[in-house]
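Trainee: Could you take me closely through the cysteines, and then set them within the arrangement of the chains?

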2 protein chains.
Amino acid sequence: MRNNRAMSVRPHRIAVLALDHVVGLDLGTPSQVFSTARSSAGASFYDVRVCTPGGRPVRSTAGFQVHPDHGLDLLDTADTVIVPGIHDGTALTSGSLEPEVAEALRSAYRRGARVMSICTGAFVLAAAGLLDGRRATTHWAYAERFRRLHDRVDLDPGVLFIADDRVLTSAGVAAGIDLCLHVIRLDHGSEVANRAARRCVMPPWRDGGQAQYIEQPVPKATDTSTAGAREWARQRLHEPIALRDLAEQARMSVRTFTRRFRSETGLSPAQWLLQQRTDHARLLLETTDLTVDQVAHRSGFGTTAALRQQLRQRIGVAPSTYRRTFHPRAELIGS
Amino acid sequence: MRNNRAMSVRPHRIAVLALDHVVGLDLGTPSQVFSTARSSAGASFYDVRVCTPGGRPVRSTAGFQVHPDHGLDLLDTADTVIVPGIHDGTALTSGSLEPEVAEALRSAYRRGARVMSICTGAFVLAAAGLLDGRRATTHWAYAERFRRLHDRVDLDPGVLFIADDRVLTSAGVAAGIDLCLHVIRLDHGSEVANRAARRCVMPPWRDGGQAQYIEQPVPKATDTSTAGAREWARQRLHEPIALRDLAEQARMSVRTFTRRFRSETGLSPAQWLLQQRTDHARLLLETTDLTVDQVAHRSGFGTTAALRQQLRQRIGVAPSTYRRTFHPRAELIGS
């Protein structure tokens, strides 16, 4: 299949279905990512177009009206149909959809088209019945609402995207970029996808899933998780923090704590702590006038040399270079 | 300043200036990122609006016309002006700009507004003279053209964004998200910015700069870089590859090779090789019907156990779970 597609004369046709309250960034994602997928001779593999019900203008969340070139009949000839996220509308509030839109989506799927959603676009596919009995994902902040409306869908809000046969759904917002890159990989292999990713200034794959981005409620004292210990550590990043102290905060043995910590964060306590210290140092370098030495102390690296080594390894630059790039008035600060 | 802004009654006003051939994803970025920056009580810190010259419709690269609510007078009262990327127009081709647009931008800057660009939006700021004598960045693929047109700008295409006093520029496409998060961090601190990042399913900071995404020309045999050795390694990922062999390919001592390798990639040869093997395994799990055992061999992990351990550490899942999530027809493949 890959070779047939790559060699076919006409580009693969993608129809992006914009509904009222469409998320502006999601609407721009397919054309951006797929248009950067080209043969080595520079020919486009994909032809991306936008349609709306009746070809009528729709309002985007980004402060403008979208005037499309096409109506729903674009779905009749599309090889792939993509539904970007929406911020309002009946699909989100009651799980229902205008009958003509639902039927156009179902008919495209029956005809053999691949169907995809970005972010809350999954609510639209679900309202059309296309996710029944399937695994799917959506923006983490909408997972509970999705489950309430669609109990026949096997929702996994912990991943960046899910491919279930010809139906592919992505997590929130930027995860739409990951999904589009994945589809390019399926259709044309990793070399073309990697080139497209570089054009979008995104990695071809991200480590971890949507789970790492989910907002966690503030931990309660009775929690049997390691979240409380993390909060405790975040408030004293300027101090040395031993694994023993962290485990004690969570009232666990070091061994249990380490195991649970890793399963909750995907990192060892030491890796996590180093990341927190580095992030705190970056914040201080970007937004304060503290000297590099003060930043090293406040972020718990102790010495400038230790901070320098960590920044070099993670970002490839020295603290002063980092500040010169990212601090709006770097030249006024002594080092 | 941070506190004043956070406590002020009216939200910070952001004007997004859309010109003809505006990049759809860039146009959707500011509203998406800034609208997720809210106080703990849920109040918006920013009010994002879109304008065009004369309030006239402009064509986006994403297959639709943009009909804005405002004309250039929106710039008269904006606290921040953002110019998204464009794919065509005189700013890109000859470095010139309609006088009324250039003057509106300069006047906003003189009045004290913060001015930002995303991707090739830097060409617009430069054409208005706002980048003269400043450090700035733009999409890596346009760096050479930018330098040719604007020799008074100190361009650094190796970073994701640059803050030079009140003028901030970002690298290509997705780097616009990083820049908007940075500005939220400057205005309201890291807690608000981290929350916004999670809503966008993006990390609050990315490691490394735009440099890691730049497309490298195919290395020549006479190259004194380590690129040829990397290409050589990529073609035999199924085999064990020793540091000694890599250095030999580049005709360098192990020590010189390691130092140069790190300065070119930001990674040690061993880290890089592990990343390549993991990426190759992910590709095979996502797009082929090979068994997990075959994938482990073809990606050079040798044993399923080694592949399993690496996937767990990097992504937190087992190979079979990974395939079940990302392979369109996972259920048909034996493990």
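Mentor: What follows looks at the cysteines first and then at the copies and domains.

This is a predicted model, in which local features need pLDDT of at least 70 and side-chain atom pairs count only at pLDDT 80 or more, while totals for chains, interfaces and linings use all residues. Residues are numbered from 1 along each chain as its sequence is written, chains are lettered from A and ligands numbered from 1 in the order in which they are written, and side-chain values use heavy atoms, with hydrogens and water left out.

Over all chains, a search of the whole structure finds 0 disulfides, a disulfide being a pair of cysteine sulfur atoms within 2.5 Å. C51(B) is in no disulfide, and the nearest cysteine sulfur, that of C180(B), lies 15 Å away. C51(B) is buried, with a relative accessible area of 0%, where buried means under 20% relative accessible area, exposed over 50% and partly exposed in between (1.4 Å probe, protein chains only). C180(B) is likewise in no disulfide, with the sulfur of C200(B) as the nearest cysteine sulfur at 8.8 Å, and C180(B) also counts as buried at 0% relative accessibility.

As for the chains, a turn of 180 degrees and a shift of 0.0 Å along the axis lay chain B on chain A with an RMSD of 0.0 Å, superposed by least squares on the C-alpha atoms of residues with pLDDT of at least 70 in both. The two copies are therefore related as by a two-fold rotation axis. Both copies use the same surface, since 100% of the contact residues of chain B recur in chain A, contact meaning heavy atoms within 4.5 Å.
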